[in-house]
Structure formats: structure tokens, C-alpha cells
Amino acid sequence: QILILATINNMLYCSECDLENDSGSNVCVLCNLPITASSENSSEPAAIKLKPKSRTNRSRVPPKPINYSANGTVGYGVYVSGYNNITIKNANIYEGNSTGDSKYAVYLISSNYSTIQNNNISTNGTNGYGIYLDSSSNLTLISNTISTKGSSGYGIYLTSSSKSNNVTSNTISTTSSSGYGIYLDSSSKLNTLISNTISTNGTN
């Protein structure tokens, strides 16, 4: 199981291991190869990114909040693709710059049986997403506090047959036009929503 508590902005990305390393690192902590590429220059810019590799699952417990848009270009706070049994817990994840649009605090694609719990998440830009599940099922989303401030913001968004997820006791607020607390597309079925507190303050 991988445990993600928080991460550091402008970390260095090892393409061999798909692992983010602390800024200032000269070699990857996992494979000991030299690293020079910033995560902001990778094809899917993210503060922390996990994608499938034929390696043992790893745990990361970095010390600082996740600012996934310090300069307005970073698109993801936490990006997970193809990993199961992930825990994202007790993190502060925020969009530090509202420039640009379509950015994601937590983005999971094809990642199942995972938990997103007790995180503080905020978005500022247009089409900002707090938690976005794409083809991801059997997750528990519990006790997260999510706020969106830009137009067309989504607190929690489920799409592409994201099924059998448990969404419980989350507090979500939207403060601009066309904001959605929890959005499920027509393919995302058999999900359970219990005791979520949602407030909206905007047109549409």
C-alpha cells in the first residue's frame, strides 16, 4: 500500500521509477540514478505522480503542503494512474495560482480500492476539480474539506464508469457560478453518498 500524506512543490521526477524526489536531489532515492527533470516539465505536470511500473509499491511521507499551481501551470496536486490500494490522508492540497484552468487537486484514473481521507483541498481557477475519479471504483472518500472558488468548479467529480464508491461525511463549498458539490456522470453508478455537507453560492 502507498501512503501519501503531503509533498513539496517543484520536486524532481525520476522517469525510471515514476518517483518524485525532493528539490535539490542529485540522484533518485529509489534507483540511485541521476535526476534533472522537473515534474513541471513532464508530460503530465504534477506535484506528486504515481504511474504503473514493474517495481514494488513505495511509501512517501514528505513534510509540506501541496501547492499544485505555484506559477499557474502545474495541472495536478496528486496524480495516480493504475495503482490500487492508495491512501491519501491528512494532506493540505491547494491551488496557489488561479491562472489557467482545468486543474486537479487529486486525480485518480484506473485506481481502485483506495482511500482519500481527511484532506483539506481548495481550488481557485476556472474548471477546478477537488477530487476527480476517472474509471476508478470501490474507493472511500471520507471527511475531506473541499472548497472551489473559480467558475465551473467541482468538489468531487466521478466519470467514466467510476462505480461502487463510498462518499461520506465530506464538507464541500462552491463560491462562484456553475459550481457543483458532487457530480456523477451517467456512467458512474452504484455509488453511495452519505452525510455530505454541501453549500453553493453562485449563479446556475
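**Figure 1. Ser136 (S136), a buried loop residue.** In this predicted model, S136 is buried, its relative accessible area being 0%. The residue belongs to the loop that runs between strand 12 (129-134) and strand 13 (140-142). From this position the side chain of S136 reaches the backbone oxygen of L108, at a distance of 3.4 Å. When neighbours within four places in sequence are left aside, the residues in contact with S136 are L108, I109, S110, S111 and N112, together with S162, K163 and N165.

**Figure 2. S111, in the loop between strand 9 and strand 10 (115-117)**. S111 has a relative accessible area of 0% and is therefore buried, the cut-off for that class being under 20%. A polar atom of the S111 side chain lies 3.1 Å from the backbone oxygen of I109, and the backbone oxygen of V80 is found 3.5 Å from a polar atom of the side chain of S111. Beyond its neighbours within four places in sequence, S111 is in contact with V80, S81, G82, Y83 and N84, and also with S135, S136, S137 and L139. The contact with S136 links this view to the preceding one, where S111 appears in turn among the contacts of S136.

**Figure 3. The largest nonpolar core of the chain.** This core has 22 residues, and those with the most contacts inside it are V106, L108, I116, I131, L133, L141 and I156. Two or more residues of the core come from each of strand 6 (76-81), strand 7 (86-89), strand 9 (104-109), strand 12 and strand 15 (154-159), and strand 9 gives the most, with three residues. I116 may serve as a point of orientation in this view: leaving aside neighbours within four places in sequence, I116 is in contact with I88, V106, L108, I131, L133, L139, T140, L141, I142 and N144. Apart from the largest core lies another, of eight residues, among them Y107, Y129, Y132 and Y157.

**Figure 4. N90 and N118, two residues with positive phi.** Most residues other than glycine have a negative phi. N90, which is not a glycine, nevertheless has a positive phi of about 60 degrees, and the phi of N118 is likewise positive, near 60 degrees, in a residue other than glycine. N90 lies in the loop between strand 7 and strand 8 (92-94), whereas N118 is found in the loop between strand 10 and strand 11 (120-123). N90 is partly exposed, with a relative accessible area of 43%, and N118 is also partly exposed, with a relative accessible area of 41%.

**Figure 5. Parallel pairing of strand 14 (residues 145-148) with strand 11 and with strand 17.** Strand 11 and strand 14 pair in the parallel sense over four bridges, and in this pairing S122 has S147, in strand 14, as its bridge partner. Strand 14 and strand 17 also pair in the parallel sense over four bridges, with T174, in strand 17, as the bridge partner of T148.

**Figure 6. S178, in the loop between strand 17 (171-174) and strand 18 (180-184)**. With a relative accessibility of 18%, S178 falls under the 20% cut-off and so counts as buried. S178 and G150 are 28 residues apart in sequence, and their C-alpha atoms are 9.2 Å apart in space.

**Figure 7. The whole chain and the confidence of the prediction.** The chain has zero helices and 20 strands, and of its 204 residues 50% count as buried. Among contacts between residues at least 6 apart in sequence, 79% join residues at least 24 apart. The accessible surface of the chain comes to about 8,800 Å², and 42% of that surface belongs to carbon and sulfur atoms. The mean pLDDT of the chain is 75, with 60% of the residues reaching 70 or more; confidence is highest in strand 16 (residues 166-168), at 98, and lowest in strand 1 (residues 2-4), at a mean of 45. Over residues 1-10 pLDDT stays under 50, and for these residues the model has 47 contacts beyond four places in sequence. Over residues 36-43 pLDDT also stays under 50, and there the model has 18 contacts beyond four places in sequence.

Definitions and conventions: Residues are numbered from 1 along each chain as its sequence is written. This is a predicted model: local features need pLDDT of at least 70, side-chain atom pairs count only at pLDDT 80 or more; totals for chains, interfaces and linings use all residues. Side-chain values use heavy atoms; hydrogens and water are left out. Buried means under 20% relative accessible area, exposed over 50%, partly exposed in between (1.4 Å probe, protein chains only). A polar contact is a pair of N or O atoms within 3.5 Å; within protein, one must be able to donate a hydrogen and the other to accept it, and residues adjacent in sequence count only if both atoms are side-chain atoms. Contact means heavy atoms within 4.5 Å. A nonpolar core is a set of buried Ala, Val, Leu, Ile, Met, Phe, Trp, Tyr and Cys residues joined through side-chain atoms within 4.5 Å. pLDDT is the predictor's confidence in each residue, from 0 to 100. Accessible areas come from the Shrake-Rupley method with a 1.4 Å probe; for residues, only the protein chains shown count as cover. Two strands pair if DSSP finds at least two bridges between them.
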